[in-house]
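Work through the exercises below with the sequence and the 3D structure open beside you, and try each task before you read its solution.

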Amino acid sequence: MNQIEKLPREIKFIWRLNAYLDFTFLLLVTVGIFIWQLLAPIGMKQPLTWSFIVLLIISIITLLIELALVNYHWNFWTYLIDERHVELHHGFFFRKQTIIPIARVQNVTLKQGPFLRLKNLQKVEIVTAAGSSKIDGLLSSQADVLKELIMKLAQEAQNDL
Amino acid sequence: MTSKTQHLHPIALIFFFYSAFKNAIFPIIITIVGIANTKKNTVWLIMVFAVAVIILLMTFLKYITFTYQITASEIIIKSGLFEKKINHIPYDRIQNITTNQWFFLKPFNLTELEIETAGHSNKAEVQLQAVPNTLKQEIDQLRKSPTSVNIDATPNESTNSYAITWNELLKFSFTSSAFLSGLLVVLAIYGKLQHVINEQIYRTAANEFSHLGLLIAIVLVVIVLLLFYLASVLVLISQYYHFQVTETANNFEMTRGLFQAKKTSLSRKRIQAVIIKQTLLRNWLQIATIQLVIISNSSQGDTEKNIVIMPVIKVSKIDKFMQKFFSDIPIIKIDPHPLFWTFYYNLRNATIFFLVTAALTIWLLHNFIWLWAILIVVELIFWYIPAILTSQRAQAKIEKDFLIVQNNHFMTKSLTYVPKNKIQFIEKKTSIWLKKRHLAGVTIYLRSGNTQHKIKVNYIAIDEINHVLDWYKE
């Protein structure tokens, strides 16, 4: 803690998996249209063939872009947690920096889907009274440390409602 | 001081009748459309009679089943005929109480109470339509009694007050753009009515109209607009008539209204930020509006609505007003020094939007040269003037424990004062291209209503923003 850290390396696997999942979904739709095209009357064949080709190209391009961006996201998504703040940095070309004082945090939500469980990661959502910020994945041990820290500080901070 | 179960004053029947009528209006319209073609008078008579009976029945039943009871620790409201509803409201859960006194309640010494609690519902939790004037004080007394928790250690007993002058009220009402939204509502209703109104009638009316010629049509439109404008001015005057704000013991109380004397109270603890707003027209007249961003758990309709603490005030009097009511807020001069690149980026964005809209206009209306020429001039004004104003006005400054941000939305200038401990979180945005020009943007997130309120400034000096971040992290 107390220094700028990257998300765990395993998150890249999750992102890639998500990219392939998106691709599979699009591909299923595309295949559906292809089958429809085979069964459709002559008049409808041409527009259906075209939409099939366009969809296929779109799904391949999306997959390639998502896969290419995995490393970019991982390299330029960092966070810093110290005794008083959570700081999130994201992006290189367009850079976003978020500062959340722990005293303002209302609750921390930890989420774990089947893929994240596979890699023992947790998705962390830091909720304040004016919206929430996300960290896509932290090692479960780190997530617990963060949770403990915030709970400790939250008890010290006065309830200002 | 436990009172027994009570009914509202019978005059509350007016309110119940109104709400029953409002609930029935949609079914009524549908029925009218349904029987529009029958010419038999008896059908109409039966319909009118049935509707009247149903509405009156609903009104009386609601009135009879609605009771309230004031006990030492809570208010108990009972309502409902088939589904009995009992609502318990402990005093320490009450956030604030608004009183509305309609002119017809005054002679009976009655008033309407709206009680807002910390629950998460969108409407004011409890409405007591016609209760004695003294009930509010009674409840206030019970809320303050030692049985309920009271944190205020040293109540400041001195009373501050400020009222708007007649001159200010007139300026305020005549420079409001509220009539535009009213006009939109009427246009929307008209659009719906078009389907309902008999085709035949509509066609004859349209025919009649087209005979009149273009000039008269324009004159008619202008007259309608003027009428709307005047109506909205009158409404605003009656709403904000005698606006007065008083502060006692860290509690603000706003009183206003001619036909409906409205009294809203609000605790200082719930204030998140103070905003001074000025539209372009009001900027020229040197008047401004002061609003508060507050935490609340209920407000009708839009949850993110700021409370107006002073609808209109002369710019020269603002400093004095702030000193009187918000003595902790530092008064400083805002004088942005816009950078060349600030103008560059704002104007670049305006140019993109302008080119897109202009291209669309020309493409759609290429046959009507005059029309698109006029529209292009309008678009020019619509995109570029806000861009210039935004560049000139953007600034973020720190003074003691306050962040002071000035920004611009369309043509409205707003100056926001936020204490550090009310900022929920901060976001800084930049890009490698902006960084080269030493620019960045910042968004401040506050709590408002039961959602968020964002304050955003873009394309200002990165040093200014880093200064804000350092101050915030301290």
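The exercises that follow go from one chain to the contact between two chains, and then to single strands and a loop.

The model is predicted, and for that reason local features need pLDDT of at least 70 and side-chain atom pairs count only at pLDDT 80 or more, while totals for chains, interfaces and linings use all residues. Residues are numbered from 1 along each chain as its sequence is written, and chains are lettered from A and ligands numbered from 1 in the order in which they are written.

**Exercise 1. The build of chain A**

Task: Find how many helices and strands chain A has, and decide whether the chain is spread out or compact.

Solution. Begin with the elements, where helices (H or I, at least four residues) and strands (E, at least two) are DSSP runs numbered from the N terminus. Chain A has 4 helices and 7 strands, and along the sequence they follow the pattern β-α-α-β-β-β-β-α-β-β-α. Next take the radius of gyration, which is computed over C-alpha atoms and set against the globule rule of 2.2 Å times the number of residues to the power 0.38. For chain A the radius is 21 Å, well over the 15 Å that the rule gives for 161 residues, so the chain is more spread out than a compact globule. The C-alpha trace of chain A spans about 75 × 35 × 30 Å along its principal axes. Finally, 20% of the 161 residues in chain A are buried, where buried means 20 or more other C-beta atoms within 10 Å of the residue's own, exposed means 12 or fewer, partly exposed lies in between, and C-beta atoms are placed from the backbone.

**Exercise 2. Annotated regions of chain A**

Task: Compare the record's annotations for chain A with the helix and strand content of the model.

Solution. UniProt, in an unreviewed entry, lists residues 20–42 and 48–70 of chain A as "transmembrane region"; positions are given in the numbering used here, feature names are shortened, and annotations may be inferred rather than shown by experiment. Residues 20–42 of chain A are 91% helix and 0% strand, with end C-alpha atoms 34 Å apart. Residues 48–70 of chain A are 100% helix and 0% strand, and their end C-alpha atoms lie 33 Å apart. The unreviewed UniProt entry also gives "domain: YdbS-like PH" for residues 74–149 of chain A, a span that is 22% helix and 57% strand in the model.

**Exercise 3. Where the chains meet**

Task: Describe the side of chain A that touches chain B, and follow the sheet that joins the chains.

Solution. First count contacts, which require C-beta atoms, placed from the backbone, to lie within 7 Å: 15 residues of chain A are in contact with 17 residues of chain B. On the chain A side, the largest share, 7 residues, comes from strand S4 (residues 94–101). Then look at strand pairing, for which DSSP must find at least two bridges between the strands. S4(A) pairs with strand S18 (residues 425–431) of chain B in the antiparallel sense over 6 bridges, and within this pair Thr98(A) stands opposite Glu427(B). The wider open sheet has 7 strands with antiparallel pairing, in the order S1(A)-S2(A)-S3(A)-S4(A)-S18(B)-S19(B)-S20(B). Strand S1 (5–6) of chain A and strand S20 (451–461) of chain B stand at the edges, each with a single partner strand, so one side of each has no neighbour in the sheet.

**Exercise 4. The chain B part of the sheet**

Task: Decide whether strand S19 of chain B is largely enclosed or open, and trace its partners.

Solution. Of the 10 residues of strand S19 (residues 439–448) of chain B, 9 are buried, so the strand is largely enclosed by the rest of the structure. On one side, S18(B) and S19(B) pair in the antiparallel sense over 5 bridges, with Glu427(B) opposite Thr443(B). S19(B) is also joined to S20(B) by 9 antiparallel bridges, and Val442(B) has Val457(B) as its bridge partner there. S19(B) and S20(B) form a hairpin with 2 residues between them, and Gly449(B) in the turn has a positive phi of about 55°.

**Exercise 5. A loop residue**

Task: Where does Asn306(B) lie, and which residues is it in contact with?

Solution. Asn306(B) lies in the loop between strand S13 (287–294) and strand S14 (307–314) of chain B. Asn306(B) has 19 other C-beta atoms within 10 Å and is partly exposed. Leaving aside neighbours within four places in sequence, Asn306(B) is in contact with Ile275(B), Gln291(B), Leu292(B) and Val293(B). The C-alpha atoms of Asn306(B) and Leu292(B) are separated by 5.6 Å, although the two are 14 residues apart along the chain.

Key. Two residues are in contact if their C-beta atoms, placed from the backbone, lie within 7 Å.
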